[in-house]
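Me: Hi! Could you give me a close look at one part of this model, namely any pairing of charged side chains? I'd also like to know what lies around such a pairing and how it fits into the whole.

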Amino acid sequence: PTKCEVDTVVELLEQTLGAANGAFRRLSAQFIRLAFHDAGTFNQNTNQGGANGCLINNPAMRAQDENSFLQDPIAALEVIRSDWEKDPSTCIKISAADLIQF
């Protein structure tokens, strides 16, 4: 993404998460866990897995017990991703993996 697009996603993150007020503190720890759970599947032997956006793109992964508490941060990121794609100043689609890790 360009600097303009990064600025846009930062603004969308701040707007969405800033509107959450007290809920942001609760979600902030979950965002860290979400990034870890998304990236923690990397296998050094096969060079597969890792930060691939599976927790946004794969409902079966979200339904697993170890990910069930991540529904709120996933929902917040899905709103941000939708707003990003509607914003006229963005010219690329942001991947689920980039959004989770960002």
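Reply: Happy to. A word on terms comes before the close look: helices here are DSSP runs of H or I with at least four residues, strands are runs of E with at least two, and the numbering starts at the N terminus. On that basis the protein reads α-α-α-α-α-α along its sequence, with six helices and zero strands.

Please keep in mind that this is a predicted model. The average pLDDT is 80, and 85% of the residues score at least 70. Among the elements, H4 has the highest mean pLDDT, 89, while H1 has the lowest, 73. That is handy for your request, as H4 is where part of the story takes place.

Now to the pairing itself. As a general point, side chains of opposite charge can pair when their charged atoms come close. The structure holds one salt bridge, and it is formed by the side chains of Glu78 and Arg62, at 3.0 Å from N to O. The two partners sit in distant parts of the chain, 16 residues apart, with Glu78 in helix H5 and Arg62 in helix H4.

How covered are the two partners? Arg62 has a relative accessible area of 16%, and because the limit for buried is under 20%, this arginine counts as buried. Glu78 is at 33%, which falls between the 20% and 50% limits, so the glutamate is partly exposed. In other words, a buried arginine meets a partly exposed glutamate.

The arginine has further company. Helix H4, where Arg62 lies, spans residues 59-63. Setting aside neighbours within four places in sequence, Arg62 is in contact with Leu55, Ile56, Asn67, Ser68, Gln71, Ile74 and Glu78. So the list holds the salt-bridge partner together with leucine and isoleucine side-chain types and several polar residues, as the contact definition of heavy atoms within 4.5 Å allows.

One name on that list leads straight into the interior. Leu55 is among the residues with the most contacts inside the largest nonpolar core, along with Leu34, Leu77 and Ile80, and the core has 21 residues. Helices H1 (3-19), H2 (22-39), H3 (54-57), H5 (71-86) and H6 (96-101) each give two or more residues to this core. The largest share, five residues, comes from H5, the helix that also carries Glu78. For a sample of how the core is knit together, take Ile80: beyond its close sequence neighbours, this residue is in contact with Val9, Leu12, Leu13, Thr16 and Leu99.

Helix H2 is worth a stop too. His37 lies in H2 and, at 16% relative accessibility, counts as buried because that value is under 20%. Leaving out residues up to four places away in sequence, His37 touches Leu55, Glu66, Asn67, Phe69 and Leu70. Two of these names, Leu55 and Asn67, you have already met as contacts of Arg62. The C-alpha atoms of His37 and Cys54 are 9.4 Å apart, with their positions 17 residues apart along the chain. Gln30 is found in H2 as well and is buried at 14%. Beyond its sequence neighbours, Gln30 is in contact with Phe69, Leu70, Asp72 and Pro73; Phe69 and Leu70 were also on the list for His37.

After H2 comes the loop that leads to H3, and Thr41 is found there. This threonine is partly exposed at 37% and touches Gln48, Gly49 and Gly50, not counting residues up to four places away. Its C-alpha atom is separated by 9.1 Å from that of Asn52, 11 residues apart along the chain. Asn47 has its place in that loop too. With a relative accessible area of 59%, Asn47 is exposed, and its phi is near 60°, a positive value in a residue other than glycine.

To set all this in the whole: 33% of the 102 residues count as buried, and Arg62 is one of the buried residues. The accessible surface is about 6200 Å², with 53% of it belonging to carbon and sulfur atoms. Among contacts between residues at least 6 apart in sequence, 59% join residues at least 24 apart.

Key: Residues are numbered from 1 along each chain as its sequence is written. Side-chain values use heavy atoms; hydrogens and water are left out. A nonpolar core is a set of buried Ala, Val, Leu, Ile, Met, Phe, Trp, Tyr and Cys residues joined through side-chain atoms within 4.5 Å. Buried means under 20% relative accessible area, exposed over 50%, partly exposed in between (1.4 Å probe, protein chains only). A salt bridge is a side-chain nitrogen of Lys or Arg within 4 Å of a carboxyl oxygen of Asp or Glu. Accessible areas come from the Shrake-Rupley method with a 1.4 Å probe; for residues, only the protein chains shown count as cover. pLDDT is the predictor's confidence in each residue, from 0 to 100.
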